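Biologist: Can you put the model up? I'd like to go through it piece by piece.
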Amino acid sequence: AVMKMPERGHKTGTVLEEEYPMINRYAEKFPAFEYDSPSERVLRITFNKPETYNSLDAQGHRQLAYIWRDIDEDPDVSCVILAAKGKAFSSGGDFGMIKNNIDNWNDTVGAWKEARDLVYNIINCSKPIISAVNGVAVGAGLVAALLADISIIAKSARVLDGHVRLG
């Protein structure tokens with residue numbers, strides 16, 4: 001996970017990491033994403049694997065499902081922005097995760113549980129969530145984008161659900 005500190009003009013150009021301890025906490029516990037704080041008490045979570053169109057491996061899928069519990073309980077966060085780098089918002093599960101789900105029943109059931117928990121954890125998160133969707137949005141990324149309190153979706157975005165082909 002890459003940590004970026006927001007720049008502010010009233011200090012010497014950058015904010016010290018001590019002022020935004022939330023960024024370090026999330027980067028350590030949920031390293032699948034990039035974090036920054038564009039404004040005080042605002043946490044931006046960014047999908048940052050543009051080379052794979054921001055696909056999620058099994059760990060990223062799990063982290064996306066459960067990060068919302070921590071955000072809900074975090075007194076340092078008042079609002080969340082969910083964004084992505086590159087041409088896509090999220091292309092869904094990567095091929096390794098899909099193969100594991102096909103080959104291993106326990107992985108399949110685990111992914112189903114995480115998918116259900118993703119929905120409930122976002123819905124139950126008391127902090128406003130804003131998604132900024134560009135390009136393709138599929139799978140867990142699509143779920144997070146559409147369940148956000150406010151979804152800002154580019155006209156060029158493509159929203160797809162590959163789950164309908166799984167059976």
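Biologist: Arg44 first. Buried, exposed or partly exposed?
Modeller: This is a predicted model. In it, Arg44 counts as partly exposed, because its relative accessibility is 26% and the partly exposed class runs between 20% and 50%.

Biologist: Which residue does Arg44 form a salt bridge with?
Modeller: Asp36. The closest N and O atoms of that pair are 2.6 Å apart.

Biologist: And Asp36, buried or exposed?
Modeller: Buried. Asp36 has a relative accessible area of 12%, and buried means under 20%.

Biologist: Why would such side chains pair?
Modeller: Side chains of opposite charge can pair when their charged atoms come close.

Biologist: How many salt bridges does the count come to?
Modeller: The count comes to 8. One of them joins Asp74 and Arg25, with the closest N and O atoms 2.7 Å apart. That pair links distant parts of the chain, 49 residues apart. Asp74 sits in the loop between α2 and β5, while Arg25 is in helix α1, residues 21-29.

Biologist: How accessible is Asp74? And Arg25?
Modeller: Asp74 is buried, at a relative accessible area of 5%. Arg25 is partly exposed, at 37%.

Biologist: Which residues are linked with Arg25 in a network?
Modeller: Asp74 and Asp76. Salt bridges link Arg25 with both of them in one network.

Biologist: What about Arg62? Which partner has that one got?
Modeller: Glu114. Their closest N and O atoms are 3.3 Å apart. Arg62 belongs to helix α2 and Glu114 to helix α4, so the salt bridge ties together parts 52 residues apart in sequence.

Biologist: Is Glu114 buried or exposed?
Modeller: Buried, at 11% relative accessibility. Arg62 is partly exposed, with a relative accessible area of 45%.

Biologist: Let's zoom out. How many helices and strands does the chain have?
Modeller: The protein chain has 5 helices and 9 strands. Along the sequence the pattern reads β-β-α-β-β-α-β-α-α-β-β-α-β-β.

Biologist: What share of the residues count as buried?
Modeller: 41% of the chain's 167 residues.

Biologist: I see helices side by side. What do we use to describe a pair like that?
Modeller: Two packed helices are described by the angle between their axes and the distance between the axes.

Biologist: OK, so what are the values for α4 and α5?
Modeller: Helix α4 covers residues 105-123 and helix α5 covers residues 139-147. They pack at an angle of about 20°, and their axes are 10 Å apart. That makes α4 roughly parallel to α5, since angles under 35 degrees count that way.

Biologist: Which hand is the crossing, left or right?
Modeller: Right-handed, as α4 passes α5.

Biologist: New topic: backbone angles. Which sign of phi do most residues have?
Modeller: Most residues other than glycine have a negative phi.

Biologist: What is phi at Arg41, then?
Modeller: Near 70°, a positive value in a residue other than glycine. Arg41 lies in the loop between β3 (34-36) and β4 (42-47). Arg41 is partly exposed, with a relative accessible area of 35%.

Biologist: And Tyr53? What is phi there?
Modeller: Positive too, near 55°. Tyr53 is in the loop between β4 and α2. At 44% relative accessibility, Tyr53 counts as partly exposed.

Biologist: Back to Arg41. How far is its C-alpha from that of Ser78?
Modeller: 5.3 Å, although the two residues are 37 residues apart along the chain. Ser78 is in the loop between α2 (58-73) and β5 (79-84). Ser78 is partly exposed, at 34% relative accessibility.

Biologist: Another serine: where does Ser131 lie?
Modeller: In strand β6, residues 129-133. Ser131 is buried, with a relative accessible area of 0%. Its C-alpha is 10.0 Å from that of Gly141, which is 10 residues away along the chain.

Biologist: Last one, the surface. Which residues form a nonpolar patch there?
Modeller: Phe95, Ile98 and Ile102. Together they have about 380 Å² of accessible area. Phe95 is in helix α3, residues 95-103.

Biologist: Is Phe95 buried or exposed?
Modeller: Exposed. Its relative accessibility is 74%, and exposed means over 50%.

Key: Residues are numbered from 1 along each chain as its sequence is written. This is a predicted model: local features need pLDDT of at least 70, side-chain atom pairs count only at pLDDT 80 or more; totals for chains, interfaces and linings use all residues. Side-chain values use heavy atoms; hydrogens and water are left out. Patches are made of residues with over 30% relative accessible area and no salt bridge: like charges are joined within 9 Å, nonpolar side chains (Val, Leu, Ile, Met, Phe, Trp, Tyr) within 5 Å. Accessible areas come from the Shrake-Rupley method with a 1.4 Å probe; for residues, only the protein chains shown count as cover. A salt bridge is a side-chain nitrogen of Lys or Arg within 4 Å of a carboxyl oxygen of Asp or Glu. Helices (H or I, at least four residues) and strands (E, at least two) are DSSP runs, numbered from the N terminus. Buried means under 20% relative accessible area, exposed over 50%, partly exposed in between (1.4 Å probe, protein chains only). Axes are lines fitted to C-alpha atoms, for helices over the stretch in contact, and angles run from 0 to 180 degrees between N-to-C directions. Angles under 35 degrees count as roughly parallel, over 145 as roughly antiparallel, 65 to 115 as roughly perpendicular and the rest as oblique. A crossing is left-handed if the near helix is turned anticlockwise from the far one by less than a right angle, and right-handed if clockwise.
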